[in-house]
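Me: I'm new to this structure and would like a close look at one part of it, rather than a tour of everything. Please pick the lining of a cavity and the elements around it, and talk me through them in one go.

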Amino acid sequence: MAEIGKGVTAGKLAINVQKKFTRAQEKVLQKLGKADETRDAAFEETVGSFNKQMVEGAKLQKDLKAYLLAVKTMHDASRRLQECLAEMYDPEWFGKEEVDSMVEDTDANWTDYYEKLTDESLLSLDTYLSQFPDIKARLAKRERKMVDFDSARHHFASIQKGKKKDEAKIAKAEEELGRAQKVFEELNVELQDELPVLWDSRVGVYVNTFQNLASNQEKFHRDMGKLSQNLNDVMTKLDEQRLDKKNGSASVKPEEASSSEGANHSVAGDSQPANAVTNGDGDLPEGFLYKVKVLHDYAATDGDELELKTGDMVLVMAFDSPDEQDDGWLVGVKESHWLQHKDISIKGVFPENFTQKV
């Protein structure tokens, strides 16, 4: 209760107490069936929709905040993992600069994703929900003013039915009834206009929230997919660097190191596996460019494509016409087939990113 002397006079305090008492008395009479109650079924249905809308909006806000918290948690985990990679990545390893750049880009992508979700989805939802407390307070005020109106209506009717007609009391009761009715109806009309508009607005809010969410998710995962592919490519090259160093060290034999620069070196340099493709014109198909190794299985989906298995060697050839070449595709014949048949009639196209040049 407000303290007297702080903007509330004793008179106002007494009036407020009297109003609360009168309202309580009126509500008791209505519940006991001794006084009729103003009812508006259509408005009550609208209020039910408002309460449903408010609960759904609050739940969406809560779940969206939980999602953003999860994004922030994943961002922190991703940052720590990426920083760990950058710190332990030796400078002489392949792609050190690329790795450092990818670490920065990954962190920036997470930050951009979080900020856009906050700005484009959460803040607009917060603005939408900020309307509800005021309307809820006005609905409670309407309820109080409706009780005041019913009380004034019943008081006026009881005075009119009295045995002694006191014109002054009747006039005062009629004035109070008019004033109570005016206040109630003005508030009632305002809410009748606003609540349906607010109810219809929820569709646009939900569309905006989830469209922005979906759009930002799509962009984030697309950009993250590119970064992941780049990281995978760098790791593949790093592993090749490791294998090259390992094979290079293993190929130097003790007897070769101690021998003179004579026949042994010449023989080692000239010898080749029996089935290897050489640079001699008779051992290469016409139009041969270079050789590639298959890194991943590839299932042909068209008659002009090659079926590839991991580890296959393919002799890449020039396209008969430059117009036939699509970006990211090569044409060639499997080395095993060429060595056995010397036939390029079954050459085919295949995706370049499934192979590695050797």
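**The cavity and its helices**

Reply: Let's start with α3, since the largest share of the lining of the largest cavity, 4 residues, comes from this helix. Keep in mind that you're looking at a predicted model. Two helices, α3 (96-129) and α5 (167-250), each give at least two residues to that lining. If you want to find the spot on screen, pick out Asn109, Asp112, Tyr113, Lys116, Asn216, Lys219 and Phe220, which line the largest cavity. Going by the residue ranges, Asn109, Asp112, Tyr113 and Lys116 sit in α3, while Asn216, Lys219 and Phe220 belong to α5.

What kinds of residues are these? Sorted by class, the lining has 3 charged, 2 polar and 2 nonpolar residues. As for the space itself, the largest cavity holds about 40 Å³. With a cut-off of 30 Å³ or more, the count is 1 cavity. In case you wonder how such a space gets spotted: rolling a probe the size of a water molecule over the atoms shows where empty space is left.

Now follow α3 to another neighbour. Its axis and the axis of α2 (residues 41-88) come within 10 Å and cross at roughly 170 degrees. An angle over 145 degrees counts as roughly antiparallel, so that is how α2 and α3 run relative to each other. Where these two helices touch, the contact has 19 nonpolar, 10 polar and 8 charged residues.

Back to α5, the other helix at the cavity. UniProt, in an unreviewed entry, lists residues 163-190 as a "coiled-coil region". In the model, that stretch is 86% helix and 0% strand, and the C-alpha atoms at its two ends are 40 Å apart.

For contrast, here's a part built from strands. An open sheet of 5 strands runs in the order β4-β3-β2-β1-β5, with antiparallel pairing. At its edges are β4 (348-351) and β5 (355-357), each of which pairs on one side only. From one strand to the next, the twist averages 50 degrees. Strands of a sheet pair through backbone hydrogen bonds, either parallel or antiparallel. To see one pairing up close, look at β3 (residues 329-334) and β4: they run antiparallel and are joined by 4 bridges. Try Leu330, whose bridge partner in β4 is Phe350.

Technical notes: Residues are numbered from 1 along each chain as its sequence is written. This is a predicted model: local features need pLDDT of at least 70, side-chain atom pairs count only at pLDDT 80 or more; totals for chains, interfaces and linings use all residues. Side-chain values use heavy atoms; hydrogens and water are left out. On a 1 Å grid over the protein atoms alone, a cavity is a set of points where a 1.4 Å probe fits but cannot get out, and a pocket is an open set with protein on both sides within 12 Å along at least five of seven lines; lining residues have an atom within 4 Å of a point. Grid points are joined across faces, edges and corners, and a volume is the space filled by probe spheres set on the points. Ala, Val, Leu, Ile, Met, Phe, Trp, Tyr, Cys and Pro count as nonpolar, Asp, Glu, Lys and Arg as charged, and the others, Gly among them, as polar. UniProt positions are given in the numbering used here, feature names are shortened, and annotations may be inferred rather than shown by experiment. Axes are lines fitted to C-alpha atoms, for helices over the stretch in contact, and angles run from 0 to 180 degrees between N-to-C directions. Angles under 35 degrees count as roughly parallel, over 145 as roughly antiparallel, 65 to 115 as roughly perpendicular and the rest as oblique. Two strands pair if DSSP finds at least two bridges between them.
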